[in-house]
Each structure stands twice: as C-alpha cells, then as structure tokens.
Protein chains: 2
Amino acid sequence: MLRLSTKGQYGVRAMYEIARGYPATPVTIKEISERQDVSVAYLEQILNKLRKAGLIKSIRGPGGGYILNRSADKISIASILNELEGPVALTSCLEPEGGCVRIDSCVTHLLWKALGEQVEAFLKTITLKNLMAGDFYALGGTAKKEMRRPVRLKPQSQP
Amino acid sequence: MLRLSTKGQYGVRAMYEIARGYPATPVTIKEISERQDVSVAYLEQILNKLRKAGLIKSIRGPGGGYILNRSADKISIASILNELEGPVALTSCLEPEGGCVRIDSCVTHLLWKALGEQVEAFLKTITLKNLMAGDFYALGGTAKKEMRRPVRLKPQSQP
DNA sequence: TAAAACCCTACCGTTTTTGTCAAGTATTAT
DNA sequence: ATAATACTTGACAAAAACGGTAGGGTTTTA
Ligand code: FES
Ligand code: FES
C-alpha cells in the first residue's frame, strides 16, 4: 500500500549524487547511473523534469553535467517528489481539479486530507542536506523547532 | 503521488456503514452499495477480505448481513487498509520479502522507512469510532465538522 | 421450497508504470 | 574545424496494477 514510484525513488537518489558535487563539480548522468545503478536513458527523463522545475541546472558539453540550482539545505524531499509524482493526493477527490460531488457528505474525505497533509509536512522538513548528513527530525505536529528530537541515523557508506 | 486504491477507500466507507449498525443490526451489502454508491459485486470482494481478516462477521440468509466483530473503537483505519492493500511499504525494498542487496549502502532506505512508520502510526491512532464522531485532528487543515470540541489525538508518538 | 443473502474465483479492458530507443542540439578541447 | 562529450526530446512498448464485471455457488430463514 502507498507505493512510491521508481521515478520518485531514483529521483531522490540522483539528487543526492548531484548534491555531492555541489557547488564545484558538475555530475554527469553516467556517473549517477553507475553509482545508483539506474539506466542512463531513464535518468534522462527524470533529470529533465527536475531541471524544468528549477531544482537543478545543466551544463552541456565536455566537463558538463548537473549541479544543484540552490543549496542542498533549501531543497526538500517534498519538492523533488512533487515534480516527479505530482502532489500528494491520496484520493482523486483531493486533487486540485477534484470535482467529487460526494465531497460534502463524504465520511472519509477529511481523513485522507489529514493524512496527506501529514505526509507532505514530513517530507517538507527533510532536505537533501539532512539526507546527506543522515539527520532526520521526527516531526511532532505543531512542535516547535527546539522540541524536535533529532534522530541520528547510521551514516551511509558509498559503493 | 501516493494514491490510495479504491479498494481501500471503499473498504473504509463500507466499514463505516457496518459500524452504524453495530451491535444490533446486520447491514446488507445492498444497503452499503446504495449508501456509498459502490457496486455489490465489488463490495463482495472487499468485505470478503475483511471478514477473513476477522474485522467483521457475516450472517447468511434472509435478515442477514455484516456486523463488526469487535467494537468500533477497537478497529483502526490502519487495520482495514492493511487487509485491503497490504502493509505500508513505500518501496519494494521495505516489503517483508524485500531482499534488496543495496539496502546497507542505500541513501534513502531509512527515509522511506521513517515515512512509512509515520503513516502507519497516524492510521493506527484513528478508529472507526473516531471516524463516526468526526473526532480526529487534521494537521494544518481545517477541522470543519460541527462545533463539537475537537478531541486532539496524537498522530505522532513521541518516544 | 423459494427467496434472501452471503461466498468464490475467473476473467478482462484500461491505465499506469517502467523503462528503451533513436535522433537530435549544445559546448569544449585540440 | 572537427571530434568528442554530454545534455535534450519525443516516440514507443512490454509489463504490471487497477478497477471492476460475470456467473456460478452455498447457507439460512420464512
Ligand atoms: S468520495 Fe469523493 S470525497 Fe469521498
Ligand atoms: S534500493 Fe533497495 S534499499 Fe534503497
């Protein structure tokens, strides 16, 4: 239940690789492909979307590649997934176009809405920088920043 | 992104209808079908799963129908969705069988795991009883039910 | 014994996902 | 200038998941 598409998964992993080169070194698709084990052709589609969304920019020609368009602490996981999978909308009734006629009498509508907001809030608090550092914060609803409890996750080893 | 299947959605709405008859009145598939606007044949599949999972029981023959197997405050939304859509697993790597070889070196694995646990925790705190009463807290949203004083559930467990 | 109501499972059209492929365009090094 | 590098774009297709339908059963009650 609630499966994330591979585009979303690969996208975040690709952004992680690009973030590692920031701000000095453009990272090529080929490098990302080798490090994250995703085909070049598929990555092209993914990175294209992310570029059009302004999350990364590209440098063509030899020595080129992709670099972040802004620093890693200003790019949330939510912003990446939003571009690749569209906004969080657990039901079609919740989509911007929506147009469900049952909406006012629907028992579950507010429940799905609340859950979606919960997910979105979580993903918004986590940036590429957090991902690189392995620092996640457990979101505590309306909890203030000083009330957040940092959870240190195991550092990642690189292949 | 993160779409819930119709089976899951209809399942919760069907359980809501069955809960309304608890404990005295069995609710027939036909009634659920009419009230929630879902075909009888499709509901049969859904209710069958929920019955096998022990969430509801059925009474055959005329005057029969479905009733809850335990009280509404002991049936969480999570338990319903788990039966109809399987456990929350945002990636295939997170599934019980799983078997991803990259798991130890994967940058994002713990992120998806954390998000999945967040969702599961949220859905576990909300029961059918909460759903019937409209008593759940919409994070960052507008709880636009009656003027009843909203009871704040704790979507997140802070260890 | 007939009607009400649940039980089972096979099937099937559509959509989404998950990519591949081929033919570009832009930039730089030499 | 030319070759090599690297991003750009659109078309396409296999495979899986989704969202049901169909049609036969069985059990229970009046
Ligand atoms: S069915 Fe559309 S809002 Fe519930
Ligand atoms: S790719 Fe399997 S755990 Fe990340």
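User: Ground rule first: a polar contact is a pair of N or O atoms within 3.5 Å; within protein, one must be able to donate a hydrogen and the other to accept it, and residues adjacent in sequence count only if both atoms are side-chain atoms. So what sits 3.2 Å from the side chain of B:Asn48?

Analyst: A phosphate oxygen of DNA strand C, paired with an N or O atom of that side chain. Before we go on: this is a predicted model, with local features needing pLDDT of at least 70 and side-chain atom pairs pLDDT 80 or more, while totals for chains, interfaces and linings use all residues. Residues are numbered from 1 along each chain as its sequence is written, chains are lettered from A and ligands numbered from 1 in the order written, and side-chain values use heavy atoms, without hydrogens or water.

User: Noted. Which atom of DNA strand C does the A:Gln45 side chain reach?

Analyst: A base oxygen, 2.6 Å from a polar side-chain atom of A:Gln45. A:Thr6 works from the backbone: one of its polar backbone atoms is 2.9 Å from a phosphate oxygen of DNA strand C.

User: Which elements give two or more residues to that surface?

Analyst: In chain A, helix 1 (6-21) and helix 3; in chain B, helix 3, strand 1 (56-59) and strand 2 (65-68). Helices (H or I, at least four residues) and strands (E, at least two) are DSSP runs, numbered from the N terminus. Helix 3 of chain B has the largest share, five residues.

User: Which residues come nearest to DNA strand C?

Analyst: A:Ser39, A:Gln45, A:Arg60, B:Arg51 and B:Ser58, out of 28 around the strand. Near means a residue heavy atom within 4 Å of the molecule or strand.

User: And how does that surface divide by residue type?

Analyst: Nine nonpolar, 13 polar and six charged. Ala, Val, Leu, Ile, Met, Phe, Trp, Tyr, Cys and Pro count as nonpolar, Asp, Glu, Lys and Arg as charged, and the others, Gly among them, as polar.

User: Over to DNA strand D. Which residues come nearest there?

Analyst: A:Glu44, A:Arg51, B:Ser39, B:Gln45 and B:Arg60, from 27 around the strand. The residue types are eight nonpolar, 13 polar and six charged.

User: What share of the strand D atoms close to protein is sugar or phosphate?

Analyst: 65% of those within 4 Å of the protein, and the rest belong to bases. For DNA strand C, the sugar or phosphate share is 68%.

User: Which polar contacts to phosphate can you give me for strand D?

Analyst: Three. An N or O atom in the A:Arg51 side chain is 2.7 Å from a phosphate oxygen. For the A:Tyr66 side chain the distance is 2.9 Å. B:Thr6 uses a backbone N or O atom, 3.1 Å from a phosphate oxygen. The elements giving two or more residues here are helix 3 (40-52), strand 1 (56-59) and strand 2 (65-68) of chain A, plus helix 1 (6-21) and helix 3 (40-52) of chain B. Helix 3 of chain A gives the most, five residues.

User: Change of topic. What's the element pattern of chain A?

Analyst: α-α-α-β-β-α-α-α-β-β along the sequence. That makes six helices and four strands.

User: How much of chain A is buried?

Analyst: 47% of its 159 residues. Buried means under 20% relative accessible area, exposed over 50%, partly exposed in between (1.4 Å probe, protein chains only).

User: Salt bridges. How many over all chains?

Analyst: Eight. Each needs a side-chain nitrogen of Lys or Arg within 4 Å of a carboxyl oxygen of Asp or Glu. One of them pairs B:Glu95 with A:Arg3 at 3.3 Å, N to O.

User: Why does that pair join two chains?

Analyst: Because B:Glu95 lies in the loop between helix 4 (77-85) and helix 5 (109-125) of chain B, and A:Arg3 in the segment before helix 1 of chain A. Both are partly exposed: B:Glu95 at 28% relative accessible area, A:Arg3 at 39%.

User: What does B:Arg3 pair with?

Analyst: A:Glu95, at 3.4 Å, N to O. This pair also joins two chains, since B:Arg3 is in the segment before helix 1 of chain B and A:Glu95 in the loop between helix 4 (77-85) and helix 5 (109-125) of chain A. B:Arg3 is partly exposed at 38%.

User: How far apart in helix 2 of chain B are B:Glu34 and B:Lys30?

Analyst: Four residues, about one helical turn, within residues 29-36. Their salt bridge has its closest N and O atoms 3.9 Å apart. B:Glu34 is exposed, at 56%, and B:Lys30 is exposed, at 56%.

User: Last one: which residues form a salt-bridge network?

Analyst: A:Glu17, A:Arg20 and A:Arg35 are linked that way.
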